[in-house]
Amino acid sequence: MSVEMAYFDNNATTSISENALEVYRRALAEDWHNPSSPYRSSARIRARMELDREELAKDLGLKKEEIIFTSGATEANNGVFAHFATQANAGLCCLVSPFEHPSILEPARYWFKDKIRYLPIDQEGRVVLENIENLLSENNICFVSLMAANNETGVLQPWKELAEICFSKGVFFHCDATQWIGKLPSDDFDLCSSFSVSAHKFSGPKGVGWFASKEPISMQLGGEQEMSKRGGTENYPAITSMLTAWKEVRFQLNSPGNRTEWRDQFEKSLINLIPAVKILGLNSPRLWNTSMFVLPDFENLSWVGKLDKLGFSVSTGSACSTGKAGHSGIAQSMGLSTSEVRRLIRVSSYWEHGESDWVNLLSAFEQVSKELHQEGAYSSVISF
């Protein structure tokens with residue numbers, strides 16, 4: 001078993017694919033010129049970048065000019081809230097889910113302050129759309145944001161339905177598609193007013209992504225690059241590497257194979273091994289690669305540390321929330337106690353994982369469980 005196959009934190013980041021890495025290296029060495037400069041070497045890079053943009057837009061059912069290359073979803077999410085900030089000053093409100101990524105929730109609180117409204121959710125951590133039309137009308141909503149798939153539990157959200165409702169009401173709908181893109185089909189994102197993506201979630205490089213918007217929204221000022229919507233010299237090596245990774249993964253999206261069954265069998269076996277374990281979002285549609293659960297005993301960092309020594313990388317939840325007071329956003333929204341939050345573990349596979357990797361992960365949990373209980377029993381004897 002390779003260390004790579006024991007890496008189960010792919011919702012935090014994925015390893016760059018070999019082809020994407022090779023393209024990145026070659027572009028860094030050969031295509032390093034500024035795409036906006038007037039000479040031929042730069043014009044060649046500009047032309048290649050625009051072909052990449054055109055191909056990506058075609059894949060997504062969008063127009064070429066609707067794609068803005070960014071540093072990733074965090075920049076895009078911040079930018080779209082900053083764009084609508086003037087509407088908050090006019091007394092209008094924004095509507096978000098309570099478990100959005102910090103790059104959504106923190107800009108929402110900064111720009112809209114007390115003009116934030118929250119979408120209702122069920123016990124499984126899924127947004128409920130009942131009476132959503134009334135919610136939009138009664139609160140003077142100008143802007144709605146909902147993630148496509150939760151980064152912690154993997155629970156799929158009704159973003160397509162909400163996008164259609166918002167369209168019918170003339171309300172701008174933004175979708176953080178970070179966890180969906182690269183794992184599930186991307187055919188329907190043209191329903192959204194805008195959506196954001198990070199390349200490192202689908203085996204592309206870090207520090208690059210795209211923002212797709214049907215309305216002209218400026219990400220940042222300070223230059224004419226990206227159709228005057230985002231200033232700053234374009235990172236062509238990262239962009240072309242990202243498109244290479246995208247081309248590789250998009251052919252797999254319609255056929256996850258038995259990957260959901262492997263995850264489900266892991267959860268069933270884990271429940272048999274540790275009967276009091278609680279799987280979050282168990283009865284909701286989820287990403288095929290994700291499982292988040294509350295263990296009955298011992299803090300999650302104890303589990304993570306021992307699993308790490310065995311060569312397995314798992315997490316305690318969103319990497320962007322680690323170390324913060326309050327920890328997991330979805331856990332708070334689902335009403336987990338402070339004690340339960342401290343016992344949360346998230347495992348997330350990717351396309352390269354096979355059934356045997358899930359079986360090996362379960363064996364590692366079994367070994368760590370025995371070690372922790374033995375240490376706990378020994379500690380009790382010593383303290384007695």
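In this predicted model, seven strands form an open sheet with mixed pairing, in the order β1-β7-β6-β5-β4-β2-β3. The edge positions are taken by β1 (67-70) and β3 (116-118); each has a single partner strand, so one side of each is left without a neighbour in the sheet. Direction ignored, neighbouring strands of this sheet are turned by 20 degrees against each other on average.

Strands of a sheet pair through backbone hydrogen bonds, in either a parallel or an antiparallel sense. At one edge of this sheet, β1 pairs with strand β7 (residues 209-213) in the antiparallel sense, over four bridges. Within this pair, I67 stands opposite A212 in β7.

A helix also belongs to this part of the picture. Helix α7 (residues 159-169) packs on the sheet and touches β4 (141-145) and β5 (172-176). The direction of α7 makes about 160 degrees with that of β5.

Another pair of strands lies later in the chain. Strand β9 (residues 290-294) pairs with β10 in the antiparallel sense, over five bridges. M292 has R346 in β10 as its bridge partner.

How enclosed is strand β10 (residues 344-348) by the rest of the structure? Five of its five residues are buried, so β10 is largely enclosed. Buried here means under 20% relative accessible area. In a regular strand the side chains alternate between the two faces of the sheet. For β10, both faces are covered: L344, R346 and S348 are buried on one side, and I345 and V347 are buried on the other. R346, the bridge partner of M292, is thus among the buried residues of β10.

Technical notes. Residues are numbered from 1 along each chain as its sequence is written. This is a predicted model: local features need pLDDT of at least 70, side-chain atom pairs count only at pLDDT 80 or more; totals for chains, interfaces and linings use all residues. Side-chain values use heavy atoms; hydrogens and water are left out. Two strands pair if DSSP finds at least two bridges between them. Helices (H or I, at least four residues) and strands (E, at least two) are DSSP runs, numbered from the N terminus. Axes are lines fitted to C-alpha atoms, for helices over the stretch in contact, and angles run from 0 to 180 degrees between N-to-C directions. Contact means heavy atoms within 4.5 Å. Buried means under 20% relative accessible area, exposed over 50%, partly exposed in between (1.4 Å probe, protein chains only).
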